Amino acid sequence: MGYKPMAMSYANILVEVHGPLGVLTINRPAQRNALSAAVLAELEAGVIELEANPAVRVVALAGAGPKAFVAGADIAEMAAMNSEQAQAFSQRGSQLGKAIERSRVPYVALVHGVALGGGCELALACDFIYATPAAKFGQPEVKLGVIPGFGGTQRLLRRVGLAKAKELCLTGDVITAEEALRIGLVDALVPDSELRTAADALAARIALNAPLAVAACKRVLDSGQSMALDEGLRVETQAFGHLFSSRDQREGMAAFLEKRVPAYTGS
């Protein structure tokens, strides 16, 4: 069975669902999937659409065409912006990143070709980054007289550490997928022909687990990285206790004791 388009239509993205995997594809190959304001708005709408589908347990984020995941923000559009418009554009990109981070489901970026500037930032908002060996990453905004504006400075330092984030942002260097894997920017290198298969496999593994517990794990882990340890432990304890009011907790433990496969409902 192939990926089936959903009911809503968009000009710049494709939204598909296959079993537990939702797929968001930026569909501007002629522009190397550059992120314009319109693309950002459609991506946010796509995130909301997939969030509302209870069958979706993981979302893969991809770019159309052979050359790029996302080559960056749309420079032609940005060049005409004044300061206020640029801040609004940055806020739009930041809002998309937050929507991905706050989603109940994990996101995996499937990176082939280049993920530069806003493309690297979009990947950084995801929970996992899978890349082909030929992929390239970078935050080259300083070469254009600006800085990352879609969350890149903050998410990059949390992924690779302050010193390496400074090196990438201050030099604007583009790095290979192998180097990105070495520094922790990428989670796995996958042959180009197997990227979608890897996303399907991830979705299948996660879909075996209780949806509310997966969502709680994602939320507690993400929030904990900016908290002191004692505060993070408090948040974990609250989430742990709250899950004991769910049907899925009762089902999961009953299934374990009865030596059967649990039937989770996300409630």
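These legends go with a set of close-up views of one predicted model.

**View 1. Two phenylalanine rings meet edge-to-face.** The structure holds 2 aromatic pairs, and this view shows the one made by F89 and F150. Their ring centres sit 5.2 Å apart, with 70 degrees between the planes. That makes the pair edge-to-face, because the angle is over 60 degrees. Now trace where the two rings come from. F89 belongs to helix α3, which covers residues 83-102, while F150 sits in the loop between β9 (136-138) and α5 (152-160). The partners are 61 residues apart, so this pair links distant parts of the chain. Are the two rings buried or exposed? F89 is buried, with a relative accessible area of 5%, and F150 counts as buried too, at 8%.

**View 2. A salt bridge joins helix α3 to helix α5.** Side chains of opposite charge can pair when their charged atoms come close. The structure holds 10 salt bridges, and here you're looking at the one between E101 and R155. Their closest N and O atoms are 2.7 Å apart. E101 lies in helix α3 and R155 in helix α5, so the bridge ties together parts that are 54 residues apart in sequence. How much of each partner is accessible? E101 counts as partly exposed, at 29% relative accessibility, whereas R155 is buried, with a relative accessible area of 12%.

**View 3. D127 reaches K218 in helix α9.** Here's another salt bridge, with its closest N and O atoms 3.1 Å apart. D127 comes from the loop between α4 (118-124) and β8 (128-131), and K218 comes from helix α9, residues 211-224. In sequence the two are 91 residues apart, and the pair links distant parts of the chain. K218 may be charged, but at 7% relative accessibility it counts as buried.

**View 4. R159 and D187 pair up, and another set of bridges makes a network.** The side chains of R159 and D187 meet in a salt bridge, at 3.3 Å from N to O. R159 lies in helix α5, and D187 lies in the loop between α7 (177-183) and β11 (188-189), so the pair ties together parts that are 28 residues apart in sequence. D187 is partly exposed, with a relative accessible area of 37%. Elsewhere, look for E251, E258 and R260: salt bridges that share partners join them into one network.

**View 5. One closed cavity sits inside the model.** The structure holds 1 cavity of 30 Å³ or more, and about 60 Å³ of space lies in the largest cavity. Which residues line this space? They are L35, L40, G93, L96, G97, G118, E121, L122, A125, F150 and R155. You've already met two of these: F150 from the aromatic pair and R155 from the salt bridge with E101. Helices α3 and α4 are the elements that give two or more residues to the lining. By class, the lining divides into 6 nonpolar, 3 polar and 2 charged residues.

**View 6. The largest pocket takes most of its element-based lining from helix α9.** Helix α9 gives the most to this lining, with 9 residues. The pocket has a volume of about 930 Å³. Which residues lie nearest its centre? Of the 31 residues in the lining, these are E101, D127, K218, D222 and Q225. Some of these names are familiar: E101 pairs with R155, and D127 pairs with K218. The elements that give two or more residues to the lining are α3, α5 and α9. Sorted by class, the lining has 12 nonpolar, 8 polar and 11 charged residues.

**View 7. The second largest pocket draws on helices α2, α3 and α4.** About 490 Å³ of space lies in this pocket. It is lined by 24 residues, and the closest to its centre are A73, M78, E141, V146 and I147. The elements that give two or more residues to the lining are α2 (75-78), α3 and α4. Which element gives the most? That's α3, with 3 residues. The lining divides into 14 nonpolar, 5 polar and 5 charged residues.

Note on methods. Residues are numbered from 1 along each chain as its sequence is written. This is a predicted model: local features need pLDDT of at least 70, side-chain atom pairs count only at pLDDT 80 or more; totals for chains, interfaces and linings use all residues. Side-chain values use heavy atoms; hydrogens and water are left out. Rings of Phe, Tyr and Trp (its six-membered ring) pair if their centres lie within 6.5 Å; planes under 30 degrees apart count as stacked, over 60 as edge-to-face and the rest as tilted. Helices (H or I, at least four residues) and strands (E, at least two) are DSSP runs, numbered from the N terminus. Buried means under 20% relative accessible area, exposed over 50%, partly exposed in between (1.4 Å probe, protein chains only). A salt bridge is a side-chain nitrogen of Lys or Arg within 4 Å of a carboxyl oxygen of Asp or Glu. On a 1 Å grid over the protein atoms alone, a cavity is a set of points where a 1.4 Å probe fits but cannot get out, and a pocket is an open set with protein on both sides within 12 Å along at least five of seven lines; lining residues have an atom within 4 Å of a point. Grid points are joined across faces, edges and corners, and a volume is the space filled by probe spheres set on the points. Ala, Val, Leu, Ile, Met, Phe, Trp, Tyr, Cys and Pro count as nonpolar, Asp, Glu, Lys and Arg as charged, and the others, Gly among them, as polar.
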